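User: I am new to this structure and would like a close look at one part of it, followed outward to whatever surrounds it. Please take the time to connect the details with one another.

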Amino acid sequence: MRVIKWLIIILFALVLGAYYFVYVMSPKATNYFVNSERNAAKLVRKEVTLPDGNHYVYLEGGHGDPLILLHGFGADKDNFTRVAKFLTPHYHVIIPDLLGFGESSHPNDADYTAKPQAERIRALVKSLGLQAVHLGGNSMGGQIALAYAAAHPSEVESLWLLDPAGIWSAPQSELAKIVERHNRNPLIIRNEDDYNHAFEFAMSKPPFVPRPILNVLAQNSIKNAKLSERIFNQIVNDSVEQRITGLKTPALIVWGDEDRVIHPLTAEVLYNLLPKSKVNIMKGIGHLPMIESAEECAEDYMFFRFRIQAKD
């Protein structure tokens, strides 16, 4: 009985300690969990200032062919750390904070449409001594990846397009209808409740994250709400369709069939634009497949890469 009593006391102390760590020391807890995921993926935080004066922070890890992963609107480099865990054993993974997001520079007067953002990422790639790369991108990041491949097709070996933006001839999404009819954008974060709602809006299978951690993660988005609104207006008025029509870069198009941000039927439109593309519709998944179903997403991508190599 005494052993059971002590086990109960120890368990209670552990639960109390975990509660205190997450709910009272939430900034430290957030850093701990973020760094834990990066360490699990064998990613190291690095930074560089390019000749144009823009400062970039990025994650890097793994060995093999270079794979550049570009996050979406309102996100940052850590949107890819979960899936990167399965990729770094096979590829040299580089995940930057795009200009205007995360820890990279936030110039208020920059052009944030896909082509100039693609040229900035190309400059980053060159600064790292890389030539031809494989590109992956989610949402806005996919739009930028497409612009990069359209402008420099010989420098892009393949495309991994996860619910990409920039294909605006497809049916309107739930997000587009909300913005149009109610003049309200669920992805512009002005307070902690907005962030919590956006977290749930973007994903059908969001990972469990305690509310205090979400509140900490929300702070950068709240701080940059005005700039984010400007960036959003630029990207939704920038179509890449004409530029990518007939682009022969091998492409894997991945879409969550419950995406509320960009309509899943966009996958069919994009498939018809890219002659060497393949589509994977993920059941029960929202706008962020690489977070919602990281392992399945990675396995699908690695099989796609295997097929490309087999054809070569």
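Analyst: A good place to begin is Ser228, which counts as buried because its relative accessibility is 11%, below the 20% under which a residue is called buried. The model is a predicted one, and the description that follows should be read with that in mind. Ser228 has its place in helix 9, and, once neighbours within four places in sequence are left aside, Ser228 is in contact with Phe73 and Ile188.

Ile188 leads on to a pocket. Together with Asn183, Arg184, Asn185 and Arg190, Ile188 is among the residues that lie nearest the centre of the second largest pocket, which is lined by 13 residues. Two elements give two or more residues to that lining, namely helix 7 (192-202) and helix 9 (225-236). Of the elements, helix 9 gives the most, with 4 residues, and the volume of this second largest pocket is about 270 Å³.

From the pocket we can turn to the nonpolar interior. The largest nonpolar core has 89 residues, and Leu87, Leu159 and Trp160 are those with the most contacts inside it. Helix 5 (residues 140-151) gives the most to this core, with 7 residues. If residues up to four places away in sequence are not counted, Leu87 touches Leu67, Leu69, Val93, Trp160, Ala298, Tyr301 and Met302, and two of these names, Trp160 and Tyr301, return when the aromatic rings are considered.

The structure holds 6 aromatic pairs. One of them is formed by Tyr91 and Tyr301, an edge-to-face arrangement with 5.8 Å from centre to centre and 70° between the planes. This pair links distant parts of the chain, since Tyr91 is in the loop between helix 3 (81-87) and strand 4 (92-96), whereas Tyr301 is in helix 13 (residues 294-311), 210 residues apart. Tyr91 is buried because its relative accessible area is 7%, and Tyr301 is buried because its value is 0%. Trp160 and Tyr301 also form a pair, but here the rings are stacked, with 4.2 Å from centre to centre and 20° between the planes. Trp160 lies in strand 6 (residues 156-162) and Tyr301 in helix 13, so this pair ties together parts that are 141 residues apart in sequence. Both Trp160 and Tyr301 are buried. Tyr91, Trp160, Tyr301 and Phe304 form one aromatic cluster.

Helix 13 also holds Ala294, which is buried because its relative accessible area is 8%. Leaving aside neighbours within four places in sequence, Ala294 is in contact with Arg82, Val83, Phe86 and Pro289. As a point of orientation, Ala294 and Tyr112 are 182 residues apart in sequence and 28 Å apart in space, from C-alpha to C-alpha. At Tyr112 there is another kind of arrangement, in which the charged end of Arg120 sits over the ring of Tyr112, 6.0 Å from its centre.

Going back over the route, Ser228 in helix 9 touches Ile188, and Ile188 is one of the residues nearest the centre of the second largest pocket. In the largest nonpolar core, Trp160 is among the residues with the most contacts, and Trp160 also belongs to the aromatic cluster that includes Tyr301.

Note on methods
Residues are numbered from 1 along each chain as its sequence is written. This is a predicted model: local features need pLDDT of at least 70, side-chain atom pairs count only at pLDDT 80 or more; totals for chains, interfaces and linings use all residues. Side-chain values use heavy atoms; hydrogens and water are left out. Rings of Phe, Tyr and Trp (its six-membered ring) pair if their centres lie within 6.5 Å; planes under 30 degrees apart count as stacked, over 60 as edge-to-face and the rest as tilted. Buried means under 20% relative accessible area, exposed over 50%, partly exposed in between (1.4 Å probe, protein chains only). A charge sits over a ring if NZ of Lys or CZ of Arg is within 6 Å of the ring centre and within 35 degrees of the ring normal. A nonpolar core is a set of buried Ala, Val, Leu, Ile, Met, Phe, Trp, Tyr and Cys residues joined through side-chain atoms within 4.5 Å. Contact means heavy atoms within 4.5 Å. On a 1 Å grid over the protein atoms alone, a cavity is a set of points where a 1.4 Å probe fits but cannot get out, and a pocket is an open set with protein on both sides within 12 Å along at least five of seven lines; lining residues have an atom within 4 Å of a point. Grid points are joined across faces, edges and corners, and a volume is the space filled by probe spheres set on the points.
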